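Please find below a colleague's note on this structure, written for someone who is meeting such a model for the first time. It may help to keep the sequence and the 3D view open while reading.

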Amino acid sequence: MSEASRSRILERLRASTREEHASAGDVAVLQSKTWTPAERIVRLRRMMEAVKAEFLEADHESWPSVVREFLAAAGARTLLYAPDTEAGRQLAAASAPGEAPTLIAYDRPIEAWKSELFASVDASITTTRGAIAETGSLIVWPSRDEPRLMSLVPPIHVALLEVDKIHDSLWQVMRDEQWSAGMPPNALLISGPSKTADIEQTLAYGVYGPKRLVVVMM
């Protein structure tokens, strides 16, 4: 092979590599996925309801009573909550003694009450970091106050969602909130209740997690 031929082949390889790198870094497709605030709500609900998620509408003042009425009608006797969060304090302040469901605070190490959590808690309530319209997913950001088990163990998971925190795409929220600067050990994207299928593709809900996901939009 001549030196000229060898140089041409190497240049074509270098050019191909540069094109691949440019394509991998092109975010124009991701940036194009945008919707208006109203469209985000409609898209999120449509996609999540398609996989059995449920929605309640409330505002920042009424949501505790909306949640309690829903859970009482659903037969939930106990509700797990995070007492040291703003939402937890609001829920506790709006609850009367003896009112169903009974509030259970997640305020101790799991080793101290694991059996109670898995056997006696009917529902839990957590906040969310927002949602993603493109995929129809909630963003749940576990913390010391709201551990991951709160959204994974109780049969009913109630999630509070502020509508102005619905983002277009995962890429957008990661960029805008600078996730690369710091994330928890687990960031959860939840689209609906837990489900699995057997070899015959028959769906079963609640086998490995909550049977119901209830999103409170406010």
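The numbered points below go through the cores, a helix, a sheet, the aromatic rings and some backbone details.

1. Before anything else, please keep in mind that this is a predicted model, and that every value quoted in this note was computed from it.

2. A good place to begin is the largest nonpolar core, which has 20 residues. The residues with the most contacts inside this core are W63, V67, L71, I125, V158, L160 and V216, and the elements that give two or more residues to it are α4, β2, α5, β4, β7 and β12, the last of these spanning 212–217. Among the contributors, α4 provides the largest share, with 4 residues.

3. To see how one residue sits among the others, it is useful to select I125 and look at what it touches. Leaving aside residues up to four places away in sequence, I125 is in contact with W63, V67, L79, L80, Y81, L91, E146, M150, V158 and L160. Apart from the core just described lies another core, of 16 residues, which has A53, A131, A133 and L138 among its members.

4. The helix α5 covers residues 86–93, and its two sides can be told apart by looking at which residues are hidden. Buried in α5 are A87, G88 and L91; seen down the helix axis, these buried residues fall within an arc of 100°, so they line one face of the helix. The face turned away from this buried side carries E86 and A93, which are exposed. The elements that cover the buried residues of α5 include α4 (63–74), β2 (78–81), β3, β4 (123–127) and β7 (156–161).

5. Which order do the strands of the open sheet of 4 strands follow? The order is β8-β5-β6-β9, and the pairing is mixed. Because β8 (166–167) and β9 stand at the edges and each has a single partner strand, one side of each is left without a neighbour in the sheet.

6. Within this sheet, strand β5 (residues 130–132) runs antiparallel to β6 and is joined to it by 3 bridges, one residue pair being I132 in β5 with its bridge partner S137 in β6. The two strands form a hairpin with 4 residues between them, and G136 in the turn has a positive phi of about 65°.

7. Strand β6 (residues 137–140) also pairs with β9, again in the antiparallel sense and over 3 bridges. Here L138 has I190 of β9 as its bridge partner, while V140 stands opposite L188 in β9. In a regular strand the side chains alternate between the two faces of the sheet. In β6, S137 and I139 point one way, L138 and V140 point the other way, and all of them are buried.

8. How many aromatic pairs does the structure hold? There are 2 aromatic pairs, and in the one formed by Y106 and W113 the ring centres are 5.1 Å apart with the planes at 85°, so the pair is edge-to-face. Both Y106 and W113 are buried. A further arrangement involving a ring is found at W141, where the charged end of R129 sits over the ring, 4.0 Å from its centre.

9. Some backbone details deserve a careful look, because most residues other than glycine have a negative phi, and most peptide bonds are trans. The peptide bond from A100 to P101 is cis, with omega near -5°, and P101 lies in the loop between α5 and β3 (102–105).

10. K52, which is not a glycine, has a positive phi, near 80°. K52 is placed in the loop between α3 (37–49) and β1 (54–57), and with a relative accessible area of 48% it is partly exposed. Q178, also a residue other than glycine, has a positive phi near 55° and belongs to the loop between α8 (170–176) and β9 (188–190). Since exposed means over 50% relative accessible area, Q178 counts as exposed at 54%.

11. Finally, T202 is found in the loop between β10 (195–197) and β11 (203–205), and at 44% relative accessibility T202 counts as partly exposed. Not counting residues up to four places away in sequence, T202 touches T196 and A197.

Note on methods. Residues numbered from 1 in each chain as written. Predicted model: local features only at pLDDT ≥ 70, side-chain atom pairs only at ≥ 80, totals over all residues. Heavy atoms only, no water. Buried < 20%, exposed > 50% of the residue type's maximum accessible area, 1.4 Å probe, protein only. Pairing = 2+ DSSP bridges. Phe/Tyr/Trp six-rings, centres within 6.5 Å; stacked < 30°, edge-to-face > 60°. Lys NZ or Arg CZ within 6 Å of the ring centre and 35° of its normal. Arc of directions from axis to C-beta. Contact = heavy atoms within 4.5 Å. Core = buried A, V, L, I, M, F, W, Y, C linked by side-chain atoms within 4.5 Å.
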